[in-house]
Amino acid sequence: MTARADQTPTACLALADGTVFYGTGFGATGTRVAELCFNTAMTGYQEIMTDPSYAGQVVTFTFPHIGNVGVNPEDDETADPVAEGMVVKWMPTEPSNWRAVQELSDWLAARGRIAIGGIDTRRLTRAIRQQGAPHVALAHDPEGNFDIEALVAKARAFKGLMGLDLAKDVTCAQSYRWDEMRWAWPEGYAPQTAPKHKVVAVDYGAKRNILRCLASAGCDVTVLPATATAEEVMAHNPDGIFLSNGPGDPAATGEYAVPMIKQLLDETDLPMFGICLGHQMLALALGGRTIKMNHGHHGANHPVKDMVTGKVEITSMNHGFAVDAATLPDNVVQTHVSLFDGSNCGIALNAGDRKVYSVQHHPEASPGPQDSFYLFEQFAEAMAARA
């Protein structure tokens with residue numbers, strides 16, 4: 001893409017193959033190097049930018065109206081944006097929403113995240129689909145001074161997400177309790193005052209709304225860092241164990257997470273539930289393997305078939321790695337499958353009455369909007385049945 005003759009480009013996106021897109025920068029200034037992905041969701045750009053699973057990535061939004069509802073503290077999935085930057089077709093307009101407390105550009109600038117507008121996102125998305133998620137350098141300079149050769153070199157030098165453990169970068173520094181439930185009108189986020197089940201959630205990059213869904217299902221949630229040991233988990237005397245979402249290569253995170261999960265599987269009969277990276281961690285612990293996808297799944301419109309009931313759920317997805325269903329052992333059942341490409345989206349351990357299961361998609365993101373909430377209810381029911 002080239003800039004109009006009457007407008008000096010203030011941002012550029014340089015791909016490792018030498019392709020350069022010019023546009024208008026907003027948010028912070030500087031340069032970010034990352035993997036580029038695209039997201040097809042029509043809503044939730046703030047939740048996407050603050051989702052820890054996007055660490056190490058710049059997000060291209062295929063929906064053009066990004067920024068139109070502004071931002072507000074209630075929609076953050078973690079304290080600050082985690083995605084490295086954003087790419088949009090149209091520059092954000094002044095927000096028009098009663099919940100908005102800040103404009104997107106100001107919010108990004110205050111939190112050190114770069115964005116570029118005026119990009120042909122349709123062309124960029126096609127390139128990602130055809131060639132795989134590229135490595136890129138995203139730069140914003142109000143003066144429009146860019147060393148394109150140096151930016152392309154930075155993109156080419158980026159090692160990518162393969163073999164990269166990012167969970168340690170986004171996990172909590174120490175354990176904490178969580179009791180806030182899902183948002184509901186008119187009270188907003190109410191606390192869980194009568195929990196029935198004690199849950200330890202292992203934080204590989206947990207989204208706040210996942211913790212809210214656990215609290216809404218009647219759970220007293222204690223969150224532990226990604227590097228927690230089995231002994232540290234069991235010290236809380238939990239009724240169930242939750243494995244959270246997160247970024248990076250699951251095989252890399254699995255070097256320390258998988259032995260811990262295996263120990264819990266071998267030495268306890270506790271129900272266990274995983275989402276996203278937690279799903280991949282559980283699959284690895286049960287003997288499966290994971291693979292890097294061409295461009296991943298990122299969006300709020302992904303149909304997933306429940307192989308147990310035959311129902312189709314509209315789900316939210318955010319992952320660049322997937323469980324290789326062909327590597328799952330005989331005692332692990334594939335419970336969910338993507339109707340886009342047939343990739344694995346859920347597993348369960350076939351072990352009598354014990355409930356050990358996980359899904360690749362994000363039931364807490366409410367894309368259906370409530371097609372997948374039953375997964376949290378199943379977890380609570382499994383803990384109640386064991387009590």
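Which residues are buried in helix α4? The close-up views below start there, and they come from a predicted model.

**View 1. Helix α4 and its buried side.** In this helix, which covers residues 148-157, the buried residues are L151, V152 and A155. Looking down the axis of α4, you will find these buried residues within an arc of 100°, so they line one face of the helix. The spacing has a familiar background: an α-helix has 3.6 residues a turn, so residues three or four places apart point the same way. Turn to the face of α4 that points away from the buried side, and you meet the exposed residues E149, R156 and A157.

**View 2. A salt bridge between strands β3 and β15.** Here E35 and K292 form a salt bridge, with their closest N and O atoms 3.2 Å apart. E35 belongs to strand β3 (residues 30-39) and K292 to strand β15 (residues 289-306), so the pair ties together parts that are 257 residues apart in sequence. How exposed are the two partners? E35 counts as buried because its relative accessibility is 4%, below the 20% cut-off. K292, with a relative accessible area of 28%, is partly exposed.

**View 3. R99 and E74, a salt bridge between two loops.** The side chains of R99 and E74 meet in a salt bridge at 3.2 Å, N to O. R99 sits in the loop between β5 (85-87) and α2 (104-110), while E74 sits in the loop between β4 (57-61) and β5, so the pair ties together parts that are 25 residues apart in sequence. Both ends are partly exposed: R99 has 23% relative accessibility, and E74 has a relative accessible area of 34%. Do look for D75 as well, since E74, D75 and R99 are linked in a network of salt bridges.

**View 4. R177 and D220, a link between strands β8 and β12.** In this salt bridge the closest N and O atoms of R177 and D220 are 2.9 Å apart. The pair links distant parts of the chain, 43 residues apart, with R177 in strand β8 (residues 176-178) and D220 in strand β12 (residues 219-225). R177 is exposed, its relative accessible area being 59%. For context, a search of the whole structure finds 9 salt bridges.

**View 5. A patch of negative charge on the surface.** Four residues gather here: E231, E232, D266 and E267. The elements giving two or more residues to this negative patch are α7 (230-234) and α8 (250-267). To get your bearings, start from E231, which is placed in helix α7.

Notes
Residues are numbered from 1 along each chain as its sequence is written. This is a predicted model: local features need pLDDT of at least 70, side-chain atom pairs count only at pLDDT 80 or more; totals for chains, interfaces and linings use all residues. Side-chain values use heavy atoms; hydrogens and water are left out. Patches are made of residues with over 30% relative accessible area and no salt bridge: like charges are joined within 9 Å, nonpolar side chains (Val, Leu, Ile, Met, Phe, Trp, Tyr) within 5 Å. Accessible areas come from the Shrake-Rupley method with a 1.4 Å probe; for residues, only the protein chains shown count as cover. Lys and Arg count as positive and Asp and Glu as negative; His and the chain ends are not counted. The place of a charge is taken as NZ of Lys, CZ of Arg, CG of Asp or CD of Glu. Helices (H or I, at least four residues) and strands (E, at least two) are DSSP runs, numbered from the N terminus. Buried means under 20% relative accessible area, exposed over 50%, partly exposed in between (1.4 Å probe, protein chains only). The arc is that of the directions from the helix axis to the C-beta atoms.
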